[in-house]
Amino acid sequence: GYGRNRYEGQFCNISDRETRRGGCIMRYAMAVDTRKCVGCSDCVVACQTENNVPIGFCRDWIVEVTDGTYPQLEMEIRSERCNHCVNAPCVRCCPTGASYYDEGGIVLVKPTECIGCGACIASCPYDARYPHPDGYVDKCTFCSHRLKNGLVPACVAVCPTKCLYFGDLDDPNSPVSDILRKRKFKTLIPEAGTDPQLYFLI
């Protein structure tokens, strides 16, 4: 849905978040400025390189959407990826527990526990997962290995227009908290009830 304070608990209070995320208070999120994204795909290449994504697959991708009737047309360019939902259906439906919430609410997959059944792929309304050739399901991790070293995700680091904002929503001074206070935004498929943590500035 649309809003300005959606991330402050308008639809999901802190206790709900703690329960769904195993007690995590820190909330990592990303915002994409659709007015600044030019669809260059630098984020896609950076992700593939950083995370050794197999050729032919991707953890993030570019979407171009055109709305309206000629000659009154509007085009929106978006960099999309896993939404790292608070209420993630992929975590709920995983039969082995391979899909789980990590620190900061990041949704991850344990390759050693994943049996590649594809239940999580079918349950994701954002089509954010793919079957890795090695037999497990793979997806965006917000570059969690970089976060542990104090770095931002690779896609954020390389974006030439600086259209990606990342950080902790519980830190009012983080880039993502700051931009969501200032700009109107939306989430994708809000009716799915997943409480996505990927926001699109409009």
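Helices and strands here are DSSP runs, a strand taking at least two residues, numbered from the N terminus. Keep in mind that this is a predicted model.

**Exercise 1. Place D138 and work out what its side chain is doing.**

Start with the address: D138 sits in strand β8, residues 137-138. Next, check burial. The cut-off for buried is under 20% relative accessible area, and D138 comes in at 8%, so it counts as buried. Now look for polar partners. The D138 side chain makes a polar contact with the side chain of R59 at 2.8 Å, and another with the side chain of Y130 at 2.5 Å. Finally, list the wider surroundings. Skipping residues up to four places away in sequence, D138 touches R59, A128, R129, Y130 and H132.

**Exercise 2. Go through the cysteines and decide how many disulfides there are.**

Recall what you're looking for: a disulfide is a covalent bond between the sulfur atoms of two cysteines. The cut-off is a pair of cysteine sulfur atoms within 2.5 Å. The tally for this structure is zero disulfides.

Take C43 to begin with. Its nearest cysteine sulfur belongs to C155 and is 6.3 Å away, so with a limit of 2.5 Å C43 is in no disulfide. C43 has 8% relative accessibility, so it counts as buried.

Then try C90. The nearest cysteine sulfur is that of C82, 6.2 Å off, and C90 is in no disulfide. C90 is also buried, with a relative accessible area of 8%.

Last, look at C124, in the loop between α4 (119-123) and β7 (130-131). C124 and C90 are 34 residues apart in sequence, with their C-alpha atoms 6.1 Å apart in space. At 17% relative accessibility, C124 counts as buried.

**Exercise 3. Sort three salt bridges by where their residues sit and how buried they are.**

The total count is eleven salt bridges; let's walk through a few.

Step one is D60 with R81, whose closest N and O atoms are 3.4 Å apart. This pair links distant parts of the chain: D60 is in the loop between α2 and β3, while R81, 21 residues apart from it, is in the loop between β4 (72-80) and α3. D60 has 3% relative accessibility and counts as buried. R81 is buried too, with a relative accessible area of 2%.

Step two is E80 with R78, where the closest N and O atoms are 2.8 Å apart. E80 counts as buried at 10% relative accessibility, and R78 is buried with a relative accessible area of 10%. Widen the view and you find E76, R78, E80 and K186 linked in a network of salt bridges.

Step three is D178 with R181, at 3.4 Å between the closest N and O atoms. Both lie in helix α7 (residues 175-182), three residues apart, or about one turn of the helix. D178 is partly exposed at 25%, and R181 is partly exposed at 38%.

**Exercise 4. Find the residues at the heart of the largest nonpolar core.**

Begin with the best-connected members. Of the 40 residues in this core, M30, A88, F142, L164 and F166 touch the most other members. Then ask which elements contribute. Those supplying at least two residues each include β2 (28-33), α2 (42-50), β3 (61-69) and β9 (164-168). Another core, of ten residues, lies apart from this one, and its members include A29, L169, F185 and Y199.

Now zoom in on A88. Leaving aside neighbours within four places in sequence, A88 is in contact with Y101, V107 and T194.

Definitions and conventions: Residues numbered from 1 in each chain as written. Predicted model: local features only at pLDDT ≥ 70, side-chain atom pairs only at ≥ 80, totals over all residues. Heavy atoms only, no water. Helix = DSSP H or I, 4+ residues; strand = E, 2+ residues; numbered from the N terminus. Buried < 20%, exposed > 50% of the residue type's maximum accessible area, 1.4 Å probe, protein only. Polar contact = N/O pair within 3.5 Å; in protein donor to acceptor, adjacent residues only side chain to side chain. Contact = heavy atoms within 4.5 Å. Core = buried A, V, L, I, M, F, W, Y, C linked by side-chain atoms within 4.5 Å. Salt bridge = Lys/Arg side-chain N within 4 Å of Asp/Glu carboxyl O.
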